[in-house]
Amino acid sequence: MAAEDEVNVCLIEDFRPRLRELIVVQQVLNYINFVDTDQIERIRQKEASDGNAAAADLLISAVIKKPHRPGWFRAFVDALLQSGCVYAADVVQANLPSPEVEAENDCCVKLIQLLSPSLVDMKTEEVCLHCRSQDLLTSADAEIIEATTTNKGRASGASELLRRIVRGRPGWFSKFLDILRETRHKDLYELTGGSPDCGEQGSDEKLPSLNNKPTGSKAATEESREEAEGCDTAQFLDIKITENPQDEAADLYAAASPESTAPPNSSEASQPDQTESVAAAKGPEKAEIVLRDYQADVARPALEGKNIIICLPTGSGKTRVAVYITKKHLDARRAEGLSGKVVVLVNKIPLVEQHYAAEFLPYLKRTYKVERVSGDSQLKISFTEIVKKNDVIICTAQILENYLERFNKGEDEGVNLSDLTLIVIDECHHTQKGGVYNHIMMRYLKQKHKNHKLKKEQKQTVPLPQILGLTASPGVGGATKMEKAEEHILRICANLDASKIMTGSLGEFKREPRKIMLNVEDRKEDPFGDVIKKIMNAIHTHAELSPTCDLGSQSYEQWVVQKERKAATMEDQKVRVCAEHLRQYSEGLNLSNTIRMRDSFSFLNKYHEEEIKKKTTPDEDQTIQITDTERFLFNLFQENKKELETLADIPEYENDSLSKLRSKILQEFSTREAARGIIFTKTRRSAIALSQWIQENPKFADIGVKASHVIGGGDQSVVKPMTSAEREDVLTKFSKGEVNLLIATTVAEEGLDIPECNFVIRYGLVTNEIAMIQAQGRGRAEGSSYTLVEVKNSGVAEKECVNEYRKDMMNKAIDRIRALEQKNYDKRIIEFQIQAIMEEKVRMKKKKQKDVKNENPSEVKFSCRGCNKHVCTGEDIEIIENMHRVNVTSQFCELFIQRENTTLQQRLLDYETNGSIACKDCGRNWGTMMFYRGIECPCLHVKNFVVTLNGGKLSKCTKWSELAVKFSAFDYAEHAGRVAESSDDEDP
């Protein structure tokens with residue numbers, strides 16, 4: 001038996017490279033029962049972080065590891081068969097086809113790679129059904145393809161289908177040709193080599209050698225000419241083809257792991273299978289870039305290899321200039337026999353896809369390999385490998401920073417700055433303070449100054465990439481004097497090591513929108529607001545509070561927050577609960593001044609319903625205490641609820657801001673032939689409410705208004721965020737005209753390429769001069785308008801005047817900097833750079849000292865913010881993935897109840913959240929219940945507790961990062977063992 005095992009091990013080792021291509025790890029693991037559970041978890045982790053091929057390698061090593069269990073080889077073969085990896089099972093058992101058949105199969109895989117951008121146009125559902133009936137797909141494959149098609153569209157589903165069929169036994173290609181013919185995909189059938197007359201002989205045709213030009217229709221020949229001539233320039237399903245035919249097959253196999261959601265911090269290459277991206281990939285390459293005069297002027301120093309900042313207005317073609325510079329940079333290096341590597345950095349995930357599909361890919365795809373990577377990406381490939389295999393990589397800045405840090409720590413999977421030859425930084429005005437752009441550039445500056453020393457010592461210097469910054473407005477950093485504005489801009493130039501800041505006159509291409517200010521009048525009567533204020537004053541009396549500022553103002557909200565924090569640390573529950581309710585009423589008052597009174601009432605009503613719900617428990621035998629103050633607050637709202645509800649529906653009492661907005665929208669859509677506009681508003685709640693208001697108003701529908709909203713994707717707000725897919729869907733509809741009025745938060749102000757609008761409205765929202773310039777730039781069409789609508793307590797008129805002043809100051813400061821003699825400019829830049837490096841050293845030193853001063857976990861205590869009950873100490877808390885603080889002690893589990901909360905439910909690779917946990921005594925929310933790798937882990941949110949450190953209560957602790965305590969890492973193996981033991985004890 002030992003000898004037979006040795007033979008089987010040798011066989012598997014010999015075919016390891018091929019098995020890496022053929023095994024779908026996630027599917028096979030479901031049928032493996034002879035490998036330790038811990039090892040299976042490690043393989044799953046490997047698949048998540050490094051992709052299917054690396055995980056398959058680890059799985060093979062685990063399978064052949066000694067000592068072998070009896071029947072291990074047969075069990076492995078069975079697992080491959082049951083998971084649908086039948087060709088892999090054949091290979092393991094040495095049931096190989098002839099070399100000719102195997103070579104032909106590799107050619108078939110290659111052909112599918114070459115033609116995949118066109119093949120995704122298939123009717124995916126119908127083709128999938130036929131493939132399943134012909135056993136080209138397993139039922140599990142079909143389910144995944146169906147889910148992908150439903151969630152992401154036919155093109156994505158087709159990409160998934162193509163990835164999976166190429167893993168089948170040789171012979172799959174002729175069956176696939178027949179299926180294309182039977183499902184009436186005539187063009188695709190001919191494209192893949194089928195006879196033009198779609199006759200019976202289709203399935204008997206042999207695939208021509210791919211060493212020659214592929215046969216098929218003339219269209220196919222023309223469409224694939226470049227790919228057939230040089231595989232290294234083609235765009236394929238997910239990964240670019242390398243020059244080795246064997247590797248080409250491996251690349252397509254490597255993309256076929258089942259889709260799973262990645263952890264938030266993972267870095268993965270995105271798949272060009274969205275409809276728009278596919279269209280870009282397969283469409284004709286755009287003509288040679290022709291720059292306008294002002295674009296050519298600002299690009300000139302960069303073409304000479306200098307680091308510069310290009311400062312041009314929104315909509316003037318900065319990105320197109322960057323594409324031009326990128327191409328010339330790569331062309332020049334190629335002409336010198338050198339390799340080029342360009343990374344384009346953006347600060348928002350949607351910009352990755354936008355720059356990839358709309359700018360860099362169409363102009364560069366014929367000559368260079370272009371790929372994009374973001375936290376939203378789905379293809380699990382090492383970022384390091386993506387950098388190695390491609391010429392241009394578009395990614396979020398944090399991903400590059402993560403891999404630069406890995407290299408700095410000496411890890412294998414890292415990226416070095418010297419690996420890159422050009423870095424393009426979009427929205428480069430963010431290269432300041434503690435931003436991720438600045439972290440990347442600080443690495444650059446440190447190496448630059450090290451190089452200066454090495455040069456003096458006549459030692460070899462480390463090559464650094466060229467830097468190209470893009471911005472519409474560097475701003476003035478809050479400066480009130482010209483010298484400070486100049487200093488602010490020079491610091492950004494220094495941080496980017498820019499030798500010049502380039503601006504240009506747009507001349508005939510300049511489009512300045514007409515600016516309009518709509519002032520509003522106070523309501524003559526505000527009975528709805530008066531009732532809210534009456535309720536607030538009753539709470540003031542009950543809690544013995546005396547505010548000194550106007551109810552609903554920003555000063556009032558700050559006062560309420562301070563009262564709540566102070567009351568929590570003083571264990572004064574009466575004042576704390578009253579302050580929480582006052583904050584909600586203040587928000588309701590503001591909402592009634594911004595959006596409909598009905599929306600304000602709904603907000604307050606929902607808040608009270610949620611608070612009352614917290615006082616109920618799933619266990620009927622258990623009761624949650626309601627204090628006298630809480631009962632007073634609940635009754636106070638109930639007493640006034642009917643009156644508020646009635647007043648909310650009387651239109652005469654609506655705020656004047658909403659009336660002005662209504663008139664402005666009606667005017668824009670009545671006077672323009674094809675109106676298209678954006679309304680910017682302050683909060684997610686107001687964006688959603690305004691969108692609903694417009695959709696529900698028949699007057700807007702009568703003149704053709706089709707509204708939708710776009711909000712951010714972060715989870716800082718209590719309002720549910722928008723996913724990137726949802727946001728992309730709305731923007732696509734907006735670009736096609738299916739939506740012609742967008743209501744957006746600041747997420748749409750910067751960077752996003754929103755189609756030409758002919759009016760922009762800022763509704764009670766003014767931030768800084770950068771945001772103002774960005775918003776104005778959204779009105780790109782001829783004769784566009786830019787309108788400000790005032791909202792009570794917003795101060796938009798005054799702030800806009802300040803921003804106009806700052807904008808003028810910024811332009812003058814840029815002119816003064818450009819007028820400096822180069823030697824004087826260089827001197828100031830070096831001074832700021834040395835200052836920045838010294839400040840960074842001081843910051844890092846303080847950080848190290850802070851880390852050393854980490855308090856002992858036993859010295860921190862947590863009590864419920866709702867009832868002051870002691871909950872646990874820091875010794876009870878463990879940390880998962882350096883992010884989630886959990887308490888899995890049995891004592892803690894006795895203190896809380898669980899509630900289902902569908903808004904919290906989310907599934908990630910290793911964990912999911914199923915609901916919330918709350919104090920058993922008072923119903924105060926404590927956090928979420930996390931299901932981590934099969935174990936229930938109560939996850940604590942520190943804002944829900946009063947924290948005592950070394951005997952003193954902390955007045956503010958809303959984030960775990962504010963607590964200088966190092967908690968022990970979660971021991972999964974230990975807790976999994978305990979759970980297993982307890983379940984064994986429960987078994988009869």
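1. Ile830, Ile834 and Met838 make a nonpolar surface patch of about 270 Å². The model is a predicted one, and the patch should be read with that in mind. Ile830 belongs to helix α35. With a relative accessible area of 41%, Ile830 is classed as partly exposed. That value passes the patch criterion, because patch residues need over 30% relative accessible area and no salt bridge.

2. Helix α35, which spans residues 822-852, also holds Lys841. Lys841 is one of the residues of a positive surface patch, together with Lys446, Lys450 and Lys453. The relative accessible area of Lys841 is 51%, so this lysine is exposed; the limit for that class is over 50%. Which helix gives the most to the positive patch? Helix α22, covering residues 436-456, does so with three residues.

3. Turning to paired charges, the model has 52 salt bridges by the distance rule, which asks for a side-chain nitrogen of Lys or Arg within 4 Å of a carboxyl oxygen of Asp or Glu. As general background, side chains of opposite charge can pair when their charged atoms come close. Three of the pairs are taken up in the points below.

4. Glu359 and Arg320 form a salt bridge in which the closest N and O atoms are 2.7 Å apart. Glu359 sits in helix α19 (residues 349-364) and Arg320 in helix α18 (residues 318-335), so this pair ties together parts that lie 39 residues apart in sequence. The two partners can be checked for burial separately. Glu359 has a relative accessibility of 13% and is therefore buried. Arg320, at 25%, is partly exposed.

5. A salt bridge also joins the side chains of Glu371 and Arg372, at 3.7 Å from N to O. Are these residues buried or exposed? Glu371 is buried, with a relative accessible area of 2%. Arg372 is likewise buried, at 0% relative accessibility.

6. The salt bridge between Lys388 and Glu385 has an N to O distance of 3.5 Å. Both residues are in helix α20 (residues 383-389), and because they are three residues apart there, about one helical turn separates them. Lys388 is exposed, its relative accessible area being 58%, whereas Glu385 is partly exposed at 29%. Elsewhere, Arg596, Arg598, Asp599, Asp649 and Glu696 are joined into one network by salt bridges that share partners.

7. Arg167 deserves a separate entry. This arginine is located in the loop between α11 (154-165) and α12 (172-182). Arg167 is buried but has no salt bridge. How far away is the nearest side chain of opposite charge? That side chain belongs to Asp141, at 7.6 Å. The salt-bridge rule requires an N to O approach within 4 Å. The side chain of Arg167 does, however, reach the backbone oxygen of Glu21, at a distance of 2.4 Å. A reader working with the coordinates may wish to view this contact directly.

8. Glu587 is part of helix α26 (residues 573-594). Its relative accessible area of 22% makes Glu587 partly exposed. Glu587 is separated from Ser600 by 13 residues in sequence, and the C-alpha to C-alpha distance between Glu587 and Ser600 is 8.3 Å.

9. The backbone has some points to list as well. The peptide bond between Lys66 and Pro67 is cis, with omega at about -5 degrees. Pro67 is placed in the loop between α5 (52-64) and α6 (72-82).

10. Ala94 is not a glycine, yet has a positive phi of about 65 degrees. Where is Ala94 found? Ala94 is in the loop between α7 (86-92) and α8 (99-119). At 39% relative accessibility, Ala94 is partly exposed.

11. Asn950 is another non-glycine residue with a positive phi, here near 50 degrees. Asn950 occupies the loop between β24 (945-949) and β25 (952-953). Its relative accessibility is 44%, so Asn950 counts as partly exposed.

Technical notes: Residues are numbered from 1 along each chain as its sequence is written. This is a predicted model: local features need pLDDT of at least 70, side-chain atom pairs count only at pLDDT 80 or more; totals for chains, interfaces and linings use all residues. Side-chain values use heavy atoms; hydrogens and water are left out. Patches are made of residues with over 30% relative accessible area and no salt bridge: like charges are joined within 9 Å, nonpolar side chains (Val, Leu, Ile, Met, Phe, Trp, Tyr) within 5 Å. Accessible areas come from the Shrake-Rupley method with a 1.4 Å probe; for residues, only the protein chains shown count as cover. Lys and Arg count as positive and Asp and Glu as negative; His and the chain ends are not counted. The place of a charge is taken as NZ of Lys, CZ of Arg, CG of Asp or CD of Glu. Helices (H or I, at least four residues) and strands (E, at least two) are DSSP runs, numbered from the N terminus. Buried means under 20% relative accessible area, exposed over 50%, partly exposed in between (1.4 Å probe, protein chains only). A polar contact is a pair of N or O atoms within 3.5 Å; within protein, one must be able to donate a hydrogen and the other to accept it, and residues adjacent in sequence count only if both atoms are side-chain atoms.
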